[in-house]
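Biologist: I'm new to this one, so could you walk me through it and tell me how each label is earned?

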Amino acid sequence: MAFDGLVTRAIAKELAQKIEYGKIEKIYQPDIDELVFNIHTKTGNVKLYASCNPSHARVHFTEQSFDNPAVPLSFCMLMRKHFTGGRITKVAQKNIERIIEIEVETISELGFSVNKKIIFEIMGKHSNIIAMDQESGKIIDCIKHVSFDVNRVRQLLPGKIYEYPPAQDKISFDDVTLSDLEACVFPDNDARSKAILSHVRGISPVIAGEIADNGETASELFDRISSMRDALESMELTPATYVDNDGVPKEFHVFPLTTHGLYYETKTFATACQAVENFYLNKNSSNRVKQKSNDLARTTKAALDKMYLKKQRLSNDLLKAENSEDYRLYGELLNANIYAITPGAKEVSVLNYYTGENITIPLDVKLSPSKNAQSYFKKYGKAKTAVKEKALQLEDVNRDIEYLESVSAFIDNAQTENEIEVIRDELIEGGYLRRRKNIFKAAKKKSSPLEYRTSEGYRVLVGRNNVENDFLTFKQAGSRDVWFHTKDIPGSHVILFTEGKDIDDLSEAAIFETASLAAYYSKGRASENVPVDYVQAKFVKKPNGAKPGMVIFTNNRTVWTNPALPETKEEK
């Protein structure tokens, strides 16, 4: 990702323009490696978001809302103690590095004015957020402790003097001269790009390539660098993200990326903060949910694999048990031919009076002819019992598979962390996941179904998990409302509220729009021509002891439709 020194400078300047002389009112820690600052400024309140997650470390203004832990983490409590109520006196970037410093003037416990600093290091896996006392230069604390065992060169621990990361042996982007470029430039584009990247500090590979593409001579390259420096100084930038055909952002920067613009759609923004937030929200919102749901997905997959294996074994055992008529036949034929069997024989050939053909029956040499017959009758009796038991077990396994597949579909379709937490609680209640002791748990929000409107104004509710499915179908839906669900495909229960109308009085548009919703919120989202069952809610029943979301129904009809969302949506 191109969160390099140039983007960092643009962000730092935007922060300085907005929050210098602002007051830090609240501090939250939504996740183990994130902080959110509510800052009161002369133009209104703003939220500053900072993350030191190795895969998406960044600092920018945000308009997003975050779920916060019921019990704040210790670092959040420390930050509140030292910085809440503090006045921001300066925001600056450290040279051209990916480091942003916020100086804060606050009041100590003794009532004296003291100066402290919040340092954001945006450096991939080495990213960190550090609170420092300016007078002593000592670290108050940091969100990630770095001990001698982890890094022998630079430790980040409370009480130690803060040291900046070792500088790279490169020329700063701010200080590079024409003679510097003349000493390192090579003839072709790739060589120029690599040379610039290896000699100039503060730029990313994508910007090195962009500079290299803008000229062949050192003079031309220096002119490009000079124009970029001027643009950063005046903040005359063009922040943009570059998005593929699926809407997934591939890159971003505050300077135009010509090559990316040829292959991807360019989305421009008024500020660097907006571009960065848009990039990571669209790139990592799903990833963030996936990260939260990884253990759920693994647990569900493991349970499903176990059930699939159990089903296979039960099916094999059932097939063997159903082919047990041979045991009965062997017993009967042995009893009918005891006189012809020689004790100690390994097998005997007798006439099968059902078919008129000879049949060879294996014998246990240690048993008498009559005992061999009894043994076969005993095997036949066990097999008949096994058929009944295995069939019941197979029904239970199929129900478990159906349930777990529905949970897997909800995990795949989850769009928020709250949805993941509700599914987690459902798995815990079902005994599939162990309840973990974790103080870092967001305060629970009530899970609400998704609400839509059809083109004719009918209200439609969609369950986002099995608990919601049950609630929708058996608590909210009236007897004449229509229940939708994909046929033999895990997915959401979808209720079309008919306003008292009979199912036969509904328009084809209402039926197909709701069916498309049911297909969209199912495992068949990426498919076409998905079959969807629909029936009045009064014909949907829940068997005794059934797991959440599992139902049976009659009098259903089926339509085939493509997954799609209606144009209007009202999410609670």
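**How the labels are earned**

Modeller: Let's begin with one pair in this predicted model: Tyr49 has His60, in β4, as its bridge partner.

Biologist: What makes β3 and β4 a pair of strands?

Modeller: Pairing takes at least two bridges between the strands. Strand β3, residues 44–51, and β4 have 5 bridges, so they pass that cut-off, and they run in the antiparallel sense. They also form a hairpin, with 6 residues between them.

Biologist: Why is strand β4 called mostly covered?

Modeller: A residue is buried when its relative accessible area is under 20%. In β4, residues 58–62, 5 of the 5 residues are buried, so the strand earns the label. For the protein, 47% of the 572 residues count as buried.

Biologist: Zooming out, how many helices and strands does the protein have?

Modeller: There are 13 helices and 25 strands.

Biologist: And how do you know that the protein is more spread out than a compact globule?

Modeller: For 572 residues the globule rule gives 25 Å, but the radius of gyration is 34 Å, well over that, so the protein is more spread out than a compact globule. The C-alpha atoms fill a box of roughly 110 × 65 × 60 Å along the principal axes.

Biologist: What share of the contacts with a separation of 6 or more comes from residues 24 or more positions apart?

Modeller: Those residues account for 60% of such contacts, where a contact means heavy atoms within 4.5 Å.

Key:
Residues numbered from 1 in each chain as written. Predicted model: local features only at pLDDT ≥ 70, side-chain atom pairs only at ≥ 80, totals over all residues. Heavy atoms only, no water. Helix = DSSP H or I, 4+ residues; strand = E, 2+ residues; numbered from the N terminus. Rg over C-alpha atoms; globule rule 2.2 N^0.38 Å. Buried < 20%, exposed > 50% of the residue type's maximum accessible area, 1.4 Å probe, protein only.
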